[in-house]
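Me: I'd like to learn how to read pockets and strand pairings in a model. Could you walk me through an example?

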Amino acid sequence: FFFKQKTAYEINRSLEFRRVLFRSRLLGRFYAKFAPDLTGLTLEVAGDLARHDTGALVAATIGGLLADTEERVNVVNAAAIAKSRGIAIAEHKTADAGRHASLLTLRGSARIAGTVANGEPRLVRLEDYWLDLSPAEHLLVTHHSDRPGTVGRIGVLLGEADINISALTLARSEPRADAFMILALDDAPSAATLATLRTLDA
C-alpha cells in the first residue's frame, strides 16, 4: 500500500483545527456554567474560520455545554443529543472578526467569545466586556461594582478558606462602574465558601 506522508502545512492545519475544537468545547463548558439557560443559542464563527464547514465546531460546542452530564457527545450524535435536551444552536458566519484573526462567539441569554492566541485558547469577551483570559480548571467569576476594597475582601475570604489564586482578570466598563472579575484558583471553593462570597457587599 502507499503511505502518504503529511506535509508540515497539513500537520499545522491539523493541530490548529484541534485547538479550534478544544476552544469550542471550552466555550460551551464556560457558557453552561455562566448561563445555565441553554435555549436560543447562536454560534457565530468569524474571520478565517468562517470559510470552513462549522459542523464539527457546533458538535464540540454541544460537547462543552453537556460536559458535566453523562452524555458522550461526538460529531455523529451531537445534533440528536442536543435535540433530545431541547438545545438548538443556530450558526452564523461573518468575515469580520474585529481585532482577531478568528473568533467564536456563543450567545443566547449571555454572550461569551473565544479565540486562539499564540497557539493557546483564550476567552476574550464576557457579555459586553472585552478581556484576555486563559482558561483554567477552576474559575471564579464575580459581577460587582468596581470600588476600593472589593477585590481585597474576596481575596481575604479565599485565603481564609486556604484557596490560592493563580491568576486574576478584571474587566470593567469604566472606573467605579460595573465589573467582572475572573479568578483562576488552584482548588474549587466549597459550597459554604461560595455562599459566603454571595453575601459580600459588592
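Reply: Let's take the pocket, then a run of strands, keeping in mind that this is a predicted model.

Me: How do I go about finding a pocket in the first place?

Reply: Rolling a probe the size of a water molecule over the atoms shows where empty space is left. Here, the largest pocket comes out at about 1,000 Å³.

Me: Which residues lie nearest the centre of the largest pocket?

Reply: Look for Lys33, His138, Leu139, Leu140 and Val141, out of 30 lining residues. At least two lining residues come from each of α1 (8–34), β7 (138–145), α4 (150–160) and α5 (191–198).

Me: And how does the lining divide into nonpolar, polar and charged residues?

Reply: You get 19 nonpolar, 5 polar and 6 charged.

Me: On to the strands. What should I keep in mind about side chains there?

Reply: In a regular strand the side chains alternate between the two faces of the sheet. For the case here, try strand β4, residues 111–117.

Me: Why is β4 described as largely enclosed by the rest of the structure?

Reply: Because 5 of its 7 residues are buried, meaning under 20% relative accessible area.

Me: Which strands does β4 pair with?

Reply: On one hand there's β3 (residues 102–107), antiparallel to β4 and joined to it by 4 bridges; leucine 104 sits opposite glycine 114. The two make a hairpin with 3 residues in between. Then there's β5 (residues 120–126), also antiparallel to β4, with 6 bridges, where valine 116 has proline 121 as its bridge partner.

Me: What is found in the turn between β4 and β5?

Reply: That hairpin has 2 residues between its strands, and asparagine 118 in the turn has a positive phi of about 55°.

Definitions and conventions:
Residues numbered from 1 in each chain as written. Predicted model: local features only at pLDDT ≥ 70, side-chain atom pairs only at ≥ 80, totals over all residues. Heavy atoms only, no water. 1 Å grid on protein atoms, 1.4 Å probe; cavity = no way out; pocket = protein on both sides within 12 Å on 5 of 7 lines; lining within 4 Å. Points joined across faces, edges and corners; volume = space filled by probe spheres on them. Nonpolar A, V, L, I, M, F, W, Y, C, P; charged D, E, K, R; others polar. Buried < 20%, exposed > 50% of the residue type's maximum accessible area, 1.4 Å probe, protein only. Pairing = 2+ DSSP bridges.
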